[in-house]
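Student: I have a structure to read and would like to learn how to go about it. Could we take the features one at a time, with the general idea before the case?

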Amino acid sequence: LQKAYAAQITRLDSDVGHLLALLKELGLDEKTLVLFAGDNGPSFPPDFELGLFESANGLRGCKSTMYEGGLRQAAIVRWPGVVPAGRVCDGPWAFWDFLPTAAELAGVSLPEGLKIDGVSLVSMLRGGPAPSREYFYWELHEPPQFIQAVRFGDWKAVRNGPAGPIELYDLKSDARETIDLAAQRPSRASKAETLMKQARANDPNWPLTTNLA
């Protein structure tokens, strides 16, 4: 299993290399934006057979959790002459930012009345800071239950089930989410719960329930 997983990583690396080589062959590499990112954390916990790869880099959780090990991913961007070469930015963004980013780059307007959660990243790509926003919100509907998370600034809250308690973490000092500060910071925990309610749109296809079996 470890060999198969390592082979998949090698194949992916090779395929990305072929893509970049083709762009160069076509004379497009110097005027093409290439963005490479994962969609979630590892699909297995550190104590699993493939945990030796430790792709979550010590962060808590994995895929199908709301902890940073399940949500946080790195991204690599190449856009010669536009994206500053060698720059490392730790400003957060999410994949729902891709639509408004692509629209701005293409010079088109989104359909009138379309409600989106993302913001354009063009300014950040050109070397500016990450765009400001009130919060990030996630929810996941997979057995055994519905789970949520919200991030506002450096604060992150997790709720494992609609009846579960709010867990609160300070990502600036505790990116691995080891110290739950909900009891010590009740006002922050209350704000997190308010944001979860504010961000969520009710839908009969995605019920807020404790049993998803």
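Tutor: Let us begin with a term: two strands are said to pair if DSSP finds at least two bridges between them. In this model, which is a predicted one, β3 and β4 pair over 7 bridges, in the antiparallel sense.

Student: Which residue stands opposite Trp138 in β4?

Tutor: The residue of β4 that stands opposite Trp138 is Ala149. The strands β3 and β4 make a hairpin, with 2 residues between them.

Student: How many strands belong to the open sheet, and in what order do they lie?

Tutor: There are 4 strands, their order is β3-β4-β5-β6, and the pairing is antiparallel. At the edges stand β3 (136-142) and β6 (167-170), and because each has a single partner strand, one side of each is left without a neighbour in the sheet. From one strand to the next, the twist averages 15 degrees.

Student: How many bridges join β4 to β5, and how many does the pair of β5 and β6 have?

Tutor: Between β4 and β5, which run antiparallel, there are 6 bridges, while β5 and β6, also antiparallel, pair over 4 bridges. You can follow single residues across these strands: Phe152 stands opposite Trp155 in β5, Trp155 in turn stands opposite Asp170 in β6, and Val158 has Glu167 of β6 as its bridge partner.

Student: What should I look for in the hairpins that connect these strands?

Tutor: Look at the backbone angle phi of the glycines. The hairpin of β4 and β5 has 2 residues between the strands, and in this hairpin Gly153 takes a positive phi near 65 degrees. The hairpin of β5 and β6 has 6 residues between the strands, and here Gly161 takes a positive phi near 110 degrees. Another glycine to look at is Gly27, which comes just after α1 and has a positive phi of about 75 degrees.

Student: Is β5 largely enclosed or left open by the rest of the structure?

Tutor: For this we need a cut-off, since a residue counts as buried when its relative accessible area is under 20%. In β5, 5 of the 6 residues are buried, so this strand is largely enclosed by the rest of the structure. For the protein chain as a whole, buried residues make up 31% of its 213 residues.

Student: Which residues touch the most other members in the largest nonpolar core?

Tutor: The idea of a core is a set of buried residues of certain kinds, joined through their side-chain atoms. The largest one here has 14 residues, and those that touch the most other members are Val150, Phe152, Ala157, Leu168 and Met196. At least two residues of this core come from each of β4 (145-152), β5 (155-160) and α5 (186-199), and α5 gives the largest share, with 4 residues. To see one member in its surroundings, take Ala157: leaving aside residues up to four places away in sequence, its contacts include Val150, Ile166, Leu168, Ala192 and Met196. There is also a second, separate core of 9 residues, among them Tyr67, Phe136, Ile147 and Ala149.

Student: Which strands does α5 touch as it packs on the sheet?

Tutor: The helix α5 touches β3, β4, β5 and β6, and its direction makes about 115 degrees with that of β4.

Student: How many disulfides does a search of the whole structure find?

Tutor: As a general idea, a disulfide is a covalent bond between the sulfur atoms of two cysteines. The search of the whole structure finds 0 disulfides. As for individual cysteines, Cys62 counts as buried because its relative accessibility is 12%, whereas Cys89, at 35%, counts as partly exposed.

Student: Where is the place of Thr209, and which residues does Thr209 touch?

Tutor: Thr209 lies in the segment after α5. Not counting residues up to four places away in sequence, Thr209 touches Gln145, Phe146 and Pro162. With a relative accessibility of 24%, Thr209 counts as partly exposed.

Student: What pattern does the protein chain follow when it is read along the sequence?

Tutor: The pattern is α-β-α-β-α-α-β-β-β-β-α, and the secondary structure comes to 5 helices and 6 strands. Helix α1 (residues 2-25) has 24 residues and reaches 35 Å from its first C-alpha to its last, which is close to the 34 Å expected at 1.5 Å a residue.

Note on methods. Residues are numbered from 1 along each chain as its sequence is written. This is a predicted model: local features need pLDDT of at least 70, side-chain atom pairs count only at pLDDT 80 or more; totals for chains, interfaces and linings use all residues. Side-chain values use heavy atoms; hydrogens and water are left out. A nonpolar core is a set of buried Ala, Val, Leu, Ile, Met, Phe, Trp, Tyr and Cys residues joined through side-chain atoms within 4.5 Å. Buried means under 20% relative accessible area, exposed over 50%, partly exposed in between (1.4 Å probe, protein chains only). Contact means heavy atoms within 4.5 Å. Axes are lines fitted to C-alpha atoms, for helices over the stretch in contact, and angles run from 0 to 180 degrees between N-to-C directions. The expected span of a helix is 1.5 Å times one less than its number of residues. A disulfide is a pair of cysteine sulfur atoms within 2.5 Å.
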